[in-house]
Amino acid sequence: MPFPRLLSIVALLFLQLCLAPVSAQPASDARPAPRIGVVTMQPGEIFFERFGHDALVVVDPASGQATSYNFGYFDPAEPDFIGNFIRGHMMYYLVALPLDEDLAQYRDAGRGASLQWLDLPPQQATALAEALAERAKPENARYRYDYFTANCATMVRDSLDQAMGGALQSQLAGRSRGNTYRSESVRLASPSPWMWLGFDLGLGPWADQPLSRWQEAFVPMRLADSLREVRNSEGRPLVQAEQELLPHRLAPEPGEHARVWWPWLLLGLAVAAALFRLRRKPRAVAGFALLFWLLCGVAGAVLTYLWGFSEHQAAWANRNLLLLNPLALVLIPGALMLLRGRQPGHWFGLVAGLLAVIALAALPVHWLSLQAQFNMQWIVLLLPIHLLLAAVLGKPALSAGSREQPA
């Protein structure tokens, strides 16, 4: 056989051997990757809608069906649901449903929704879709919920980060805008006075740590902002395109504004001055004190429970307990006696003075603390009232021990 012909036969055999593994690959590897998106829903008017919402969207390349993977579902019919909610042991779960079906409730409520299409490499998009499908199975869907560290937005964030091999966290963790869990909570809850009041009074110093962009993504709208600045593994912008799915027909998301404490100081001093002018009318002062001490005592009991007997980490070590003290409930009988024109015993003045001294301690604790709590507004509001009530109602009681009347 001529050498050139032999050489061409050998080359042909070698080429066939090289191509054999490629032709033997399963057909599934050649399937196009799913399209991945993040849908962000604007805040609503009900208290649990104030923070907005989001979900991951997976579009099947074969059928074109868009599936929404929504981490925001809970079942109020579960045994001891209210008790678990109070104790801070809440369970949420992931639900997979058609995107149009998921959007129906937001359309009916007038809440806007926008979709960010992500430029993920095919292998990452496929891995994310498979992981979500597995996670949505009933036996895997439940997760331990936390307002700040494990909610609908952080679960979306973490799912994306896992598919991207940690690249999302590495790009966001070292950056900060100075926001805190408290500032974001109070801002978004501001349309509901009782809600922002509860957050501001109930959150402890843990909620005042400056957040990285990664941490502040517990707010869906913040996550959407940050995704616009992230790059994929090939250096391209992660957000490929954005589109509006639903128009927003409600009030817009509350904006940021600086919080100052001096108006609270003026209000506290004004209340204390009014009580001072009423010092010769102990019944009028006692009427105010009764309501004030009742509110302080009940609020303090709630804060004590949240710190000592619940799993709400954000409420632990709350220094507002120095101002909202359960000890105030001890003064309620004495205030009732004053309203009836009777003088309480010397214990009343001692307790009122002790309550004022404890409230006064809130100032050095605030100034000297290594981990400050943003509660100066509550200190300057409540401290003048505590001091004035102790001076006006407690002082006569101290000198009236010999004239004490039976209750």
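Analyst: A quick definition to start with: a residue is buried when its relative accessible area is under 20%. This is a predicted model, and the buried residues of helix H7 are Tyr181, Arg182, Glu184, Ser185, Val186, Arg187, Leu188 and Ala189.

User: Thanks! What makes H7 a mostly covered helix?

Analyst: The count does: of the 9 residues in H7, 8 are buried. Those buried residues pack against H8 and against helix H9, which spans 220-227.

User: Why is Arg182 called buried rather than exposed?

Analyst: Its relative accessible area is 1%. The cut-off for buried is under 20%, so Arg182 counts as buried.

User: How do you know whether H7 and H8 run roughly parallel or roughly antiparallel?

Analyst: Look at the crossing angle. The axes of H7 (residues 181-189) and H8 (residues 193-202) cross at roughly 165 degrees and come within 8 Å. Angles over 145 degrees count as roughly antiparallel, and therefore H7 and H8 are roughly antiparallel to each other. The handedness of this crossing is left-handed.

User: Which residues make that contact?

Analyst: On the H7 side they are Arg182, Ser185, Val186 and Ala189, and on the H8 side Met195, Trp196, Phe199 and Asp200. Sorted by class, the contact of H7 with H8 has 5 nonpolar, 1 polar and 2 charged residues.

User: Asp200 and Arg182 are both in that contact. What makes the pair a salt bridge?

Analyst: The N to O distance between their side chains is 3.4 Å. The rule asks for a side-chain nitrogen of Lys or Arg within 4 Å of a carboxyl oxygen of Asp or Glu, so Asp200 and Arg182 meet in a salt bridge. Asp200 sits in H8 and Arg182 in H7, 18 residues apart. With a relative accessible area of 0%, Asp200 is buried.

User: Which other salt bridge does Asp200 form, and how do you know?

Analyst: Asp200 also meets Arg259, at 2.8 Å from N to O. That distance satisfies the 4 Å limit, so this pair is a salt bridge. Arg259 lies in the loop between strand E7 (239-246) and helix H10 (262-277), so the pair ties together parts 59 residues apart in sequence.

User: Is Arg259 called buried, exposed or partly exposed, and why?

Analyst: Its relative accessible area is 27%. Partly exposed is the class between the buried limit of 20% and the exposed limit of 50%, so Arg259 is partly exposed.

User: What about Glu234 and Arg236: what makes them a salt bridge?

Analyst: Their closest N and O atoms are 2.5 Å apart, so the 4 Å rule is met. Glu234 is partly exposed at 49% relative accessibility, and Arg236 is partly exposed at 35%. Elsewhere, shared partners join Arg175, Arg177, Arg213, Glu216 and Glu229 into one salt-bridge network. By this rule the count comes to 21 salt bridges.

User: One last pair: how do H4 and H5 cross, and what is their arrangement called?

Analyst: The axes of H4 (residues 122-135) and H5 (residues 152-163) come within 9 Å and cross at roughly 135 degrees. That angle falls outside the roughly parallel, perpendicular and antiparallel ranges, so H4 is oblique to H5. H4 passes H5 in a right-handed crossing. Here Gln124, Leu128, Leu132 and Arg135 of H4 meet Met155, Ser159, Leu160 and Ala163 of H5. By class, that gives 5 nonpolar, 2 polar and 1 charged residues.

Notes: Residues numbered from 1 in each chain as written. Predicted model: local features only at pLDDT ≥ 70, side-chain atom pairs only at ≥ 80, totals over all residues. Heavy atoms only, no water. Axes fitted to C-alpha atoms, helices over the stretch in contact; angles between N-to-C directions. Helix = DSSP H or I, 4+ residues; strand = E, 2+ residues; numbered from the N terminus. Parallel < 35°, antiparallel > 145°, perpendicular 65-115°, else oblique. Left-handed = near helix turned anticlockwise from the far one by under 90°. Contact = heavy atoms within 4.5 Å. Nonpolar A, V, L, I, M, F, W, Y, C, P; charged D, E, K, R; others polar. Buried < 20%, exposed > 50% of the residue type's maximum accessible area, 1.4 Å probe, protein only.
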